[in-house]
Amino acid sequence: MLVQERYREFDPAEVRAVAMELKGLEGPLLPILHALVDRFGHVDRRAVPIVAEVLNLSRADVHGVVTFYHDFRQEPAGRHVIKLCQAEACQSMGSDRVLAALETALGIRMGETSPDGRVTLEPVYCLGLCASAPSAMLDGELHARLDPVNVLALAQEVAA
Amino acid sequence: MSRVRVFIPQDAAALAVGAGQVVARIRAEALTRGLDIEIVRNGSRGMLWLEPLVEVELPQGRVGYGPMTAAEIPSLFDAGFLQGGSHPRGIGLVADHPWLTCQQRLTFARCGLTAPLSLDDYRAHGGLAGLAKALQMAPAAIIEEVTRSGLRGRGGAGFPTGIKWRTAAQTEADQRYIVCNADEGDSGTFADRMIMEGDPYLLIEGMVIAGLAVGATKGFVYIRSEYPHAFKTFVEAIRIAEAAGILGDDILGSGRVFHLEARLGAGAYICGEETSLLDSLEGKRGTVRKKPPLPAIQGLFGRPTIINNVLSLTAVPTILAMGGDFYQEFGMGRSRGTMPIQLAGNIKHGGLIERAFGLTLGELVEDLGGGTRTGRPIRAVQVGGPLGAYWPTSLFDTPFDYEAFAARGGMIGHGGIVVFDDTVDLAKQARFALEFCAIESCGKCTPCRIGSTRGVEVMDRILAGQDVVHQINLLQDLAEVMRDGSLCALGGLTPMPVMSALTHFPEDFDRAQSAQAAE
């Protein structure tokens with residue numbers, strides 16, 4: 001199943017409903033933004049004033065929070081997302097060689113989305129799999145003990 | 001034949017190396033062969049090089065096989081593993097494995113033995129004994145017990161937990177909060193993740209006790225979004241604990257109140273810093289607050305707040321159940337109790353070891369860890385995450401202890417040890433430390449925000465062999481400014497990996513000489 005099929009088109013009424021549903025929490029903004037990403041795949045800029053109004057915050061406050069955190073992407077990602085760990089434990093087991101192999105296989109560099117929108121390759125700083133390094137997450141599924149050869153299975157998975 | 005119980009972990013580190021496929025294959029194979037088995041998804045024992053570790057429950061104990069692949073499962077059945085038959089992957093009785101027999105597991109006593117979400121398992125293995133005791137005690141007596149245990153903050157700062165609790169309890173307020181810092185962002189650490197996935201009720205129990213001690217009726221657990229499995233397990237554990245009356249308006253029939261909420265981080269390393277975490281929980285950018293006021297006096301939403309690491313809070317039930325004196329008998333010097341140490345990176349036997357403080361670095365990585373996974377000599381280990389020092393093998397006699405590490409220019413941090421073999425370039429590692437600080441800086445203070453970026457530029461010139469002597473002077477100066485002038489540990493400790501690399505591995509920075517030698 002392609003990941004993007006899960007995501008819904010932007011709908012202001014739905015954004016408002018999500019914000020209204022969670023506004024009663026203590027400190028509701030992060031849970032609301034997470035809910036928007038879960039639903040729409042990213043935080044659309046048109047959602048910012050709606051959330052701001054529901055929470056009685058300024059747009060700048062909401063924009064500031066959206067842009068602070070890596071998770072709240074403002075553009076849609078590729079249909080598949082590969083997060084490859086680039087932190088020290090993975091470095092010690094050759095994550096740079098794994099990255100090079102993956103970049104070659106996918107035809108994109110770290111941080112890019114393929115032109116056909118099929119896959120996004122992103123760094124992550126630690127998945128907590130540091131005794132089984134290097135590690136990666138593909139669409140929420142974990143993979144560890146990677147090397148430049150077995151990582152190609154991930155590239156094949158997103159090509160299928 | 002009676003129904004045999006087979007254990008396969010659902011810990012993320014087991015799933016990442018194919019535990020799910022192993023389970024599917026075992027089910028299918030048992031069905032084909034007409035064998036009646038019960039599969040239990042347990043937490044991990046912490047012997048991560050053996051994952052996926054398959055265990056079979058037999059009269060003499062649990063017999064283990066690992067690391068298993070799905071393809072090898074038919075041969076496991078052929079070998080009669082359900083009766084403990086011998087197989088090349090067999091490791092015998094798991095409880096007798098030297099990795100486990102050498103440990104002193106207090107916090108991780110249950111992890112790997114039980115089904116994480118089974119409250120029956122939790123109770124049967126000593127769970128809730130600490131809470132039951134705490135419910136009989138006056139709040140001040142609970143704090144006294146924790147103080148007597150000598151427990152210090154396991155997140156890295158090492159601040160005495162009992163004193164923090166007393167401060168919050170003595171501050172007048174209409175509400176107090178318990179916040180658990182589960183934003184375990186340091187590379188090389190996974191103890192918080194393992195305990196949340198493998199024994200989540202322990203953290204709930206510790207937080208309820210903290211609430212009783214300081215008079216807080218609300219708690220939050222801030223779990224990083226890179227840990228979706230831990231988050232899911234923990235949310236489910238809260239739901240079950242509420243239904244069972246361990247959380248809610250009438251804790252175990254005592255009439256006492258404690259509510260708990262799990263919150264997801266959003267991919268910012270800085271939110272592991274306690275004041276950034278509080279701002280993030282409040283729904284703001286995760287920027288650092290200046291201290292004072294201390295969070296114990298003015299924390300979440302301006303109320304007195306206990307903010308403790310997962311490992312501090314999960315030590316508490318044992319302290320209450322067994323007594324502070326029991327706990328403080330473990331350890332050395334001012335480092336009392338046990339520490340879950342995580343062996344990671346390029347290591348043959350990677351995983352989690354819980355022991356009293358005091359083992360040396362060499363004993364940990366060479367004797368227990370078995371050296372590197374690549375088989376090459378160890379050149380350096382980084383202890384305490386991205387802000388921790390790089391250690392050469394000549395300092396492997398350093399005992400694992402807060403003060404002993406500080407005396408030699410390092411820190412134990414959250415107990416993570418990342419091993420590097422002789423192919424590592426410490427100048428590149430120093431550059432990475434600065435680059436990571438630049439990416440993750442919250443931007444509030446200048447030494448961290450600007451210093452990290454300038455540091456990367458200086459390191460680039462050193463790596464290119466340009467004007468190296470002058471650049472190293474500049475780097476030392478910059479490190480001093482960041483260390484002394486930053487608002488929090490991110491900018492303040494980034495110099496630690498940089499300067500330790502320079503001090504212990506100067507040859508890696510001497511690019512001019514190597515550039516000349518090449519000419």
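**Exercise 1. The contact between chain A and chain B**

Task: Determine how many residues the contact takes from chain A and from chain B in this predicted model, and state the area buried between the two chains.

Solution.
1. Chain A contributes 38 residues to the contact, and chain B contributes 64 residues.
2. The size of an interface is often given as the accessible area lost when the parts come together.
3. For chain A and chain B the buried area is about 3,700 Å². Carbon and sulfur atoms give 57% of this area.
4. On the chain A side, A:Glu26, A:Phe68 and A:Glu88 supply 19% of the area that chain A buries against chain B, more than any other three residues.

**Exercise 2. Polar and charged pairs across the interface**

Task: Find how many salt bridges and how many residue pairs in polar contact lie across the interface of chain A and chain B; then describe the side of chain A that touches chain B by its elements and by its residue classes.

Solution.
1. The rule finds one salt bridge across the interface.
2. A salt bridge joins the side chains of A:Glu26 and B:Lys218, with an N to O distance of 2.7 Å. The cut-off is 4 Å, so this pair qualifies.
3. Polar contacts across the interface link 26 residue pairs, both residues being at pLDDT 80 or more.
4. Four elements of chain A, namely α2 (29-40), α4 (59-68), α5 (88-91) and β4 (141-143), each supply at least two residues of the side that touches chain B.
5. By class, the residues of that side of chain A are 22 nonpolar, 12 polar and four charged.

**Exercise 3. The fold of chain B**

Task: Decide whether chain B is as compact as a globular protein of its length or less so.

Solution.
1. Chain B holds 22 helices and 16 strands.
2. Its radius of gyration is 24 Å, and the globule rule gives 24 Å for 519 residues; the two are close, so chain B is as compact as a globular protein of that length.
3. The C-alpha trace of chain B spans about 75 × 60 × 40 Å along its principal axes.
4. Of the 519 residues in chain B, 62% are buried.
5. Among contacts in chain B with a separation of 6 or more, 71% are between residues 24 or more positions apart.

**Exercise 4. B:Thr287**

Task: Locate B:Thr287 in chain B, classify B:Thr287 as buried or exposed, and list its contacts beyond four places in sequence.

Solution.
1. B:Thr287 sits in the loop between α12 (274-281) and β9 (305-309) of chain B.
2. The relative accessibility of B:Thr287 is 18%. Buried means under 20%, so B:Thr287 counts as buried.
3. Leaving aside neighbours within four places in sequence, B:Thr287 contacts B:Thr275, B:Ser276, B:Asp279, B:Cys442 and B:Lys444, together with A:Phe68 of chain A.
4. A:Phe68 is also one of the three residues that supply 19% of the area chain A buries against chain B.

Terms used: Residues are numbered from 1 along each chain as its sequence is written. Chains are lettered from A and ligands numbered from 1 in the order in which they are written. This is a predicted model: local features need pLDDT of at least 70, side-chain atom pairs count only at pLDDT 80 or more; totals for chains, interfaces and linings use all residues. Side-chain values use heavy atoms; hydrogens and water are left out. Contact means heavy atoms within 4.5 Å. Buried area is the accessible area (1.4 Å probe) that two parts lose on being put together, summed over both. A polar contact is a pair of N or O atoms within 3.5 Å; within protein, one must be able to donate a hydrogen and the other to accept it, and residues adjacent in sequence count only if both atoms are side-chain atoms. Ala, Val, Leu, Ile, Met, Phe, Trp, Tyr, Cys and Pro count as nonpolar, Asp, Glu, Lys and Arg as charged, and the others, Gly among them, as polar. The radius of gyration is taken over C-alpha atoms; the globule rule is 2.2 Å times the number of residues to the power 0.38. Buried means under 20% relative accessible area, exposed over 50%, partly exposed in between (1.4 Å probe, protein chains only).
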